[in-house]
Amino acid sequence: MLDKPSFSLNGDYYSSRFSQLGKGEGDTLVLNLGPQHPSTHGVLRVIVELDGEYVLRAEPVLGYIHRMHEKMAEVKTYIQYLPNMGRVDYLHALAWNWAYVGAVEKLMGLEVPARAEYIRVITCELNRICSHLLWWGAYVLDLGGFTPILYAFDDREILMDILQIPTGSRLTYCYYRFGGVSADLTETFLTQTRNFIERFKTRIPMYHDLVTGNMILRGRCEDIGALPVEMARRYGATGPVLRGSGVAYDVRRFEPYSVYDKFDFDIPVGKNGDAMDRYDVRMAEMEQSVRIIEQALNSMPDGPFVNPDVPDRILPPAGETYFAVEGARGKIGVYLVSDGTAKPYRLKLRAPGYSNLHVFAELAQGTILADAVSILGSLDLVIPEIDR
Amino acid sequence: MTTIQKTLKGLWSLIVGLKVTGKEFCKPWITVHYPRQEVTNLESYRGHIDLVPRPDEPKKPLCIVCKRCEEVCPSGCIRVEGHVPGEQTGEARQLLLISNVPLPNSAARDPICAADKTLRVLDGFTLNYNYCSLCGLCVQCCPVSSLTFSSDVYLAGGSRRDFEYDLLRRLKNRKIKV
Amino acid sequence: MTQLLQLFANPLVYLLVALIAILTFIALNGLILVYVERKVAGFIQRRPGPFEVGPHGLLQPLADALKLVGKQLVVPRDADRILFWAAPLLSFAPVAVCLLPIPFGPHLVGLNVNLGVLLVLAFSGLNVLALCLAGWGSNNKYALLGAARAVAQSVAYEIPLLLSVLCVAFTSGSLNFAEITASQTHGLLSWNVFTQPVAFLIFFVSALAETNRAPFDLPEAESELTAGFHTEYSGMGFGLFFLAEYSYMIVVCAVASVLFLGGWSGPFLSGHWWMLGKIYALILAMMWFRWTYPRVRFDQLLNLCWKWLIPLSLINLMATALIINLVR
């Protein structure tokens, strides 16, 4: 076997290094999950060392969908960088839109009209439901249930139809603008959103009946991948992953931006930080998003949807700023350095998925392969966001 | 005792799950059966851009060749070419003037637009749709609203060339609705 | 004509004809079941399923079969060629034998033997060997893991399967399918499912596990092992595994309907229609499960078997034995 030079069973750079790190006790198997694997959702690659079905070590390998989003910011004008933000995390594109737009607004001291803030809240929360629905379906798919994802897509299609009305696109939105949004909400949007909310309230119990209560699913999630708070802090995990461990940290509440302080909503938290808690937190968050949307729809002010005083050329003063929003996966941060020219000097994107992913390596140790897949799914990873 | 209770509850949850899928089984399809049906919400879809014709002359675009769209496009997929027509007087000149089209505020403030009332004529407007990211910045920055989104979603082509659109020709070939 | 009938009387010719008939039945059923499975999945998920090939997609399985037949046979490098190709054949071949002793009607039986139940159980046990060979022969880590799972799962689940079959054998006092059916022809309540409900449930759950159907489809767990033991198979190699899976579904459902649901017995219609109807009802239930539940974990699967099903079936068996003795 060793005589064949063209193909090495020892693997490539990463996996060969990985196997050298092993204890060399013999009967372990180095298995390469991904970058094309049904449960790595895109192009994540995880190298695992298996003893039978038990995972001894797991190590994520990143970078397969690195597109240099941060570097691209340095060669584009502020406004030209907008479409990039829809593509960093394509599942919650509007939160990324918001983080970038918010950072520029903060640096320039731009006012956002009240109506625009409400529009942003409504669309961003709708997008969050979209994202959680897809996670829900994909997670159950990871656990071997084929049907729920299609029920989730049923609702998600309606949401995307709704979001298509003001944004014009269905996935990679580029909707928020400096000082507002690019189009006002129409009457059809408002009625369709209200209809959707009514429908969604009947769908959630169905989801719980089909999946949440299911004995098999509970067996796959309960006490799997319990994440202690200390460990979550160590890795900088945020979003539902952190809240599942019982820390009620939500940027919308603790560093309120926009008009989130005007709405009454709960921050669902878990207890043990296992996969089931993360699951419950996300399911509860969808209901909270519905609550926020309802309140926003009922108290939406009139007025312009974009600040009319926004200059044509966006030239923020020299300086730096940081703006964070709560995305579906956690705290999305944009750190922006301007040198006063038309292009950003440096833009740093803080992707929540990146921090959440690295919890996996430690959580997966000692579990069996099927649990590792369950943990990976429960972290709700979007690989383009992690690699950027 | 609790184990047995838990097991019974678990078994009941399995039956509940079957009930849900069983109910859905009896309901009609919700997918759009594509070649036989088509989606109905295309008017809100933002496809590639198209030129807007003048209200009086449907074969000519509103475009004033200010090239802002070309400049703002993040992907550099728009090419606008135009020329300043030579000595033209009388009615021909009057036609080229688009002063009857009201300019939005931002354009009026712009020295380029406001000064020469655009005597330029559009010769070519090409869009390389392969690289377009559908952000809509070009439509937004157009001072005379000469760009709009088409709702063209049924796109299929054999090569990249098929998606390099000559928008001016598209405008001229467009059928005028009566 | 009489000569032809005399020819049939020759047991060897009869067996040959029965085998050919069964193979045709299996092939036809494979096509139908693929179609039904996809339609059931479609309807549960509220989409039409296959629709374009033929009216309502009826010819879709035929098109798929043709595609599989037409594909190149690929053997991965460093795979064991002989084992690699032996596996799908070995997986499919025993199915024909398994259906031989099953009575599809009062007289419609390929081979009426006294140990029919044993024959079926013995030959269906060969399948696990095929999965094991496929996993080992294809020199792929995922396939190997899948094969390991398949062996552990099949070995574990054969025990409750056997024990629940034994209960029925006790009550009917025979291992002959024809006699077991005959004992259930005295109306609905004489069906074994009512006298042995626990045994039926255990049998059905074990059958799901034996045929690697969801929620027990661990050897080919898509989201963990990509495709498990048949990761490296394409074309007809995959096709045979696929056909074998559906054929085993027919086998276990046929056995279940003979043992527990009265086989061909039923009013109005002739026996074979009742038999087919019962088989298909059970298969539809299997499909319904598949498109509803997530997959169980490997250790949970074994726990369910060793901690619940085997003790339960043992208790059931002993209770049956006791009652039978008392009644006597």
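What follows is a chat between a colleague and a modeller about a predicted model with chains A, B and C.

Colleague: Before we start, what are the ground rules for numbering and for what counts?
Modeller: Residues are numbered from 1 along each chain as its sequence is written, and chains are lettered from A, with ligands numbered from 1, in the order in which they are written. This is a predicted model, where local features need pLDDT of at least 70, side-chain atom pairs count only at pLDDT 80 or more, and totals for chains, interfaces and linings use all residues, while side-chain values use heavy atoms and leave out hydrogens and water.

Colleague: OK, what does the model score overall?
Modeller: The model has an ipTM of 0.83 and a pTM of 0.85.

Colleague: And what is the mean pLDDT of chain A?
Modeller: For chain A the mean pLDDT (the predictor's confidence in each residue, from 0 to 100) is 85, with 93% of the residues at 70 or more. Over residues 1–7 of chain A, however, pLDDT stays under 50, and the model has six contacts (heavy atoms within 4.5 Å) for that stretch beyond four places in sequence.

Colleague: What about chain B, where is confidence lowest there?
Modeller: The mean for chain B is 75, and 78% of its residues reach 70 or more. Helix α4(B), residues 105–109, is where confidence is lowest, at a mean of 44, and strand β4(B), residues 147–149, is where it is highest, at 86; helices (H or I, at least four residues) and strands (E, at least two) are DSSP runs, numbered from the N terminus. The pLDDT is below 50 over residues 92–116 of chain B, a stretch that has 32 contacts in the model beyond near neighbours in sequence.

Colleague: Then chain C, which helix has the lowest mean pLDDT?
Modeller: Helix α1(C), residues 2–9, has the lowest mean among the elements of chain C, 71, whereas helix α3(C), residues 60–70, has the highest, 88. Chain C as a whole has a mean pLDDT of 83, and 98% of its residues reach 70 or more.

Colleague: Switching to interfaces, how much area do chain C and chain A bury?
Modeller: They bury about 2,900 Å² between them, 58% of it on carbon and sulfur atoms, where buried area is the accessible area (1.4 Å probe) that two parts lose on being put together, summed over both. In terms of residues, 26 of chain C are in contact with 38 of chain A.

Colleague: How many salt bridges cross it?
Modeller: The rule (a side-chain nitrogen of Lys or Arg within 4 Å of a carboxyl oxygen of Asp or Glu) finds two salt bridges between chain C and chain A. One of them joins the side chains of Arg297(C) and Asp371(A), at 3.0 Å from N to O. On the side of chain C that touches chain A, the elements giving two or more residues are α7 (141–172), α11 (222–225) and α14 (298–327) of chain C.

Colleague: And how many salt bridges between chain A and chain B?
Modeller: Zero by the rule, although chain A and chain B bury about 2,200 Å², with 52% from carbon and sulfur atoms. Gln80(A), Gln164(A) and Met215(A) supply 22% of the area that chain A buries against chain B, more than any other three residues. The contact involves 29 residues of chain A and 26 residues of chain B.

Colleague: Which salt bridge could I look at inside chain A?
Modeller: Arg115(A) and Asp184(A) form one, with their closest N and O atoms 3.0 Å apart. That pair links distant parts of the chain, 69 residues apart, since Arg115(A) sits in helix α5(A) (residues 114–142) and Asp184(A) in the loop between β5 (180–181) and α7 of chain A. Over all chains the count comes to 43 salt bridges.

Colleague: Last one, how do β6(A) and β7(A) run?
Modeller: Strand β6(A), residues 319–326, and strand β7(A), residues 331–338, run antiparallel and are joined by eight bridges; strands count as paired if DSSP finds at least two bridges between them. Thr321(A) has Leu336(A) as its bridge partner in β7(A). The two strands form a hairpin with four residues between them, and Gly330(A) in the turn has a positive phi of about 140°.
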